[in-house]
Amino acid sequence: MSATIWIDGQYYDKANAKVSVFDHGLLYGDGVFEGIRVYNRRIFRVEKHLDRLYASAKAVWLEIPLARKEMGRLMEEAVAKSGLQDCYIRLIVTRGVGDLGLDPRKCPKPSIICIVDDIALWPADRYDKGLVVISSATPIHHRESVSPRVKSLNYLAHILAKVEGIAAGVDDIIMLDPAGFVAEASGENIFVVTNGTIKTPPVYAGILRGVTRDAVLELAREATYVTEEVPLNRYDLYTADEVFLTGTAAEVIGVTKVDARTIGAGVPGPVTRELARRFKALATRGD
Ligand code: PMP
């Protein structure tokens, strides 16, 4: 299958989908994006993703040159054009073309890119077996630097953490914030289950507020679990009955080893499996 790509008003095939070398998205990572799933041709929680995209842009002083409604329509059109039932949308807004200085005022018009394609982060067996992870030495950005709540094109900290995971031969990494609290994985939010209570770090501490995270919190409450948004330490991970990650691309996936400590029985636990099942049902239902 070939990706469907729209750039600033025109569709291109993969070989011809190109941006300028003077685009500040490339030169400086100056831009914002969203990763969105489509289930049965329906865009999952499109309004939440648009909320976050426009808020990210506002936070970095970037005016998106397309009204929100039009952005929604663009995604619908690109998905229809792709012919795919289940796929992944990468929506990107860059600062646009400027000169070699970093002044954003030199970029008169932001660029909008919409890619419709497939995504798979890990082999399918990891969803049954769970992931082996380490905590990385590289922290996420300080909340008053590039706010982790902005889904920006600056992923180098997460990539450096991922490189630590690659060097250690594990599936993924858990990043701490600059104060040493557990923050998130390379592209996922993190949850622990301890004595039946489901806990996840609060967003105000400076993490990306995942659309999947929020959906899973809602599902957990519906299923009458006690949920808490509280700061977590690595100790809380090591001693949890279950650990799992949530993300648009990852969906819900168990973690069975953290820094060589086996979590629970060493397989994804019952709460993780139940929430993964409930999430699949919700996503395919389309609310
Ligand atoms: N944290 C980071 C750093 C991410 O890149 C993502 C993926 N967007 C998430 C968390 C999960 O967010 P979502 O559930 O909205 O995909």
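Which residues are linked in a network of salt bridges? Hold on to that while I show you around, and welcome, everyone. One thing to know from the start is that we are looking at a predicted model.

Here is the reply to my opening question: Arg 209, Arg 213, Asp 214, Arg 221 and Glu 229 are linked in this network. Two of the elements around there are worth finding on the screen. Helix H6 covers residues 211-222, and strand S12 covers residues 226-229. Together with strand S11, H6 and S12 build a right-handed β-α-β unit. S11, residues 197-200, and S12 run parallel and are joined by 4 bridges. If you want one pair to look for, take Ile 198, whose bridge partner in S12 is Thr 227.

Now let's move to the other sheet I want to show you. As a reminder, strands of a sheet pair through backbone hydrogen bonds, either parallel or antiparallel. This one is an open sheet of 6 strands, and its pairing is antiparallel. Reading across, the order is S2-S1-S6-S5-S3-S4. Which strands are at the edge? They are S2, residues 10-12, and S4, since each of these pairs on one side only. At the S2 end, strand S1 (residues 4-7) runs antiparallel to S2, and 3 bridges join the two. Trp 6 is easy to pick out there, standing opposite Tyr 11 in S2.

Next, the inside. The largest nonpolar core has 25 residues. Those with the most contacts inside this core are Met 71, Met 75, Ile 89, Val 93 and Cys 114. Where do the core residues come from? The elements that give two or more residues are strand S3 (31-39), helix H2 (46-59), helix H3 (68-82), S5 and S6. H3 provides the largest share, with 5 residues. You have met S3, S5 and S6 already, as members of the open sheet.

From the inside, let's go to the surface. There is a nonpolar patch of about 760 Å², made by Val 21, Phe 22, Leu 26, Leu 27, Tyr 28, Val 97, Leu 100 and Leu 102. Let's zoom in on Leu 100, in the loop between strand S5 (87-94) and strand S6 (111-117). Is Leu 100 buried or exposed? Its relative accessibility is 58%, so Leu 100 counts as exposed.

Back to salt bridges for a moment. The structure holds 20 of them, and I picked three pairs for you.

The first pair is Asp 30 and Arg 95, whose side chains meet at 2.8 Å, N to O. This pair links distant parts of the chain, 65 residues apart: Asp 30 is in the loop between helix H1 (24-28) and S3, while Arg 95 is in the loop between S5 and S6. Asp 30 counts as buried because its relative accessibility is 14%. Arg 95 is buried too, with a relative accessible area of 7%.

The second pair is Glu 47 and Arg 68, with a salt bridge of 2.5 Å, N to O. Glu 47 belongs to helix H2 and Arg 68 to helix H3, so this pair ties together parts that are 21 residues apart in sequence. Glu 47 counts as partly exposed, at 46% relative accessibility. Arg 68 also counts as partly exposed, at 29%.

The third pair is Asp 259 and Arg 234, where the N to O distance is 4.0 Å. Here again distant parts of the chain are linked, 25 residues apart: Asp 259 sits in the loop between strand S14 (251-258) and strand S15 (261-262), and Arg 234 in helix H7 (residues 234-238). Asp 259 is buried, with a relative accessible area of 14%, whereas Arg 234 counts as partly exposed at 36%.

Last stop: the backbone. Most residues other than glycine have a negative phi. So which residues here have a positive one? Asn 40 is an example, with phi near 50°. You can find Asn 40 in the loop between S3 and strand S4 (42-43), and at 38% relative accessibility Asn 40 counts as partly exposed. Another example is Trp 61, which has a positive phi of about 60° although it is not a glycine. Trp 61 lies in the loop between H2 and H3. Because its relative accessibility is 61%, Trp 61 counts as exposed.

That's my tour. Thanks for listening!

Note on methods. Residues are numbered from 1 along each chain as its sequence is written. This is a predicted model: local features need pLDDT of at least 70, side-chain atom pairs count only at pLDDT 80 or more; totals for chains, interfaces and linings use all residues. Side-chain values use heavy atoms; hydrogens and water are left out. Patches are made of residues with over 30% relative accessible area and no salt bridge: like charges are joined within 9 Å, nonpolar side chains (Val, Leu, Ile, Met, Phe, Trp, Tyr) within 5 Å. Accessible areas come from the Shrake-Rupley method with a 1.4 Å probe; for residues, only the protein chains shown count as cover. Buried means under 20% relative accessible area, exposed over 50%, partly exposed in between (1.4 Å probe, protein chains only). Two strands pair if DSSP finds at least two bridges between them. A crossover is right-handed if, with the strands pointing away from the viewer, the path from the first strand over the helix to the second runs clockwise. A nonpolar core is a set of buried Ala, Val, Leu, Ile, Met, Phe, Trp, Tyr and Cys residues joined through side-chain atoms within 4.5 Å.
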